[in-house]
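Thanks for making the time this morning. I would like to walk through one model with you, slowly, and I will try to keep each statement to what can be computed from the coordinates.

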Amino acid sequence: TFKTYTTAKDLNLQPGYLLFYGYILPYKGIGLLYQAYLKNLNKGENIPIVIAGKGNDRYLPLFMKAPNVKVINTYLSNQDIATLIANCKAVVCPYLSASQSGIPQTVNQFGKKVIATNVGAFPEFIYNGENGYVVDVDSADLAYAMEHVESSDFSLSSFLKHHSDLSWDEIAIKYIKLFQNKI
């Protein structure tokens, strides 16, 4: 769906940033992201970060004052999300807890990588070094992945050849078979 937006919305951002997007809630680990950001900043790495989405967290005011960080604290339209992902270097999901998320599947459609913590279903959809990185819920691990993620896009078609079970077509086929076996 997000790939249907062919016209980018002008969000006044330079491409190549790390992106956190979605509802901003404490369990999504903005504090962990802030700690990782500070670790990189203290090492002389001033990695651009965009935090986009509606919500509130006690770390947002700190990010708003931080150099090379842009906070867009508002509801995001699908066109906003498509534009943000298309122009980012990678998406960061520093969650402290989770069950599942559609972020890896959405971001992969744009050929971008995801850096996520080892919670919920992230390890089921992210293959280290291929379509992203799964790290421990640790600011040093997150900082390292943020610093070392490549800015080049990966090939979704090549990735799905090796992991066809993650394609939407294969997921739909499995769902239909599961549903047919229940009847």
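Let me begin with a question you can check on the screen: which residue in β2 is the bridge partner of L18? It is I49, and before going further I should say that what you are looking at is a predicted model.

That bridge belongs to a wider pairing, since strand β1, residues 17-21, and β2 pair in the parallel sense over four bridges. On its other pairing, β2 is joined by four bridges to strand β3, residues 69-72, and these two strands also run parallel; here I51 stands opposite V71 in β3.

If we now follow the chain between these strands, β1, helix α1, which covers residues 30-42, and β2 make a right-handed β-α-β unit. A right-handed β-α-β unit is also made by β2, helix α2, which covers residues 60-65, and β3.

Staying with β2 for a moment, which way do its side chains point, and are they buried or exposed? In this strand, residues 49-52, I49 and I51 point one way while V50 and A52 point the other way, and all of them are buried.

That brings me to the core. In soluble globular proteins, nonpolar side chains tend to be buried together. Here the largest nonpolar core has 52 residues, and those touching the most other members are L19, Y21, I51, F63, L142 and M146. The largest share of this core, six residues, comes from α1. As for L142, if we leave aside its neighbours within four places in sequence, it is in contact with L32, L33, A36, V92, P94, I115 and V135.

Let me turn to the aromatic residues, where a search of the whole structure finds six pairs. One of these is formed by Y34 and Y59, whose ring centres are 5.8 Å apart and whose planes meet at 40 degrees, so the pair is classed as tilted. Because Y34 lies in helix α1 and Y59 in the loop between β2 and α2, this pair ties together parts that are 25 residues apart in sequence. Y34 has a relative accessibility of 14% and therefore counts as buried, and Y59, with a relative accessible area of 15%, is buried too. Looking a little wider, Y34, Y37, Y59 and F63 form one aromatic cluster.

Helix α1 also holds a polar residue that I would like you to look at, namely N40. Is N40 buried or exposed? It is buried, with a relative accessible area of 1%. Its side chain reaches the backbone oxygen of A143 at 3.1 Å, and, not counting residues up to four places away in sequence, N40 touches E45, I47, A143, M146 and E147. M146, you may recall, is among the core residues that touch the most other members.

My last stop is H163, which lies in the loop between α7, residues 156-162, and α8, residues 168-182. Although it sits in a loop, H163 has a relative accessibility of 11% and so counts as buried. Which residues does H163 touch, once those up to four places away in sequence are not counted? They are Y127 and E130. In the case of Y127, the separation from H163 is 36 residues in sequence and 9.5 Å in space, taken from C-alpha to C-alpha.

I will stop there and take your questions.

Technical notes:
Residues are numbered from 1 along each chain as its sequence is written. This is a predicted model: local features need pLDDT of at least 70, side-chain atom pairs count only at pLDDT 80 or more; totals for chains, interfaces and linings use all residues. Side-chain values use heavy atoms; hydrogens and water are left out. Buried means under 20% relative accessible area, exposed over 50%, partly exposed in between (1.4 Å probe, protein chains only). Two strands pair if DSSP finds at least two bridges between them. A crossover is right-handed if, with the strands pointing away from the viewer, the path from the first strand over the helix to the second runs clockwise. A polar contact is a pair of N or O atoms within 3.5 Å; within protein, one must be able to donate a hydrogen and the other to accept it, and residues adjacent in sequence count only if both atoms are side-chain atoms. Contact means heavy atoms within 4.5 Å. Rings of Phe, Tyr and Trp (its six-membered ring) pair if their centres lie within 6.5 Å; planes under 30 degrees apart count as stacked, over 60 as edge-to-face and the rest as tilted. A nonpolar core is a set of buried Ala, Val, Leu, Ile, Met, Phe, Trp, Tyr and Cys residues joined through side-chain atoms within 4.5 Å.
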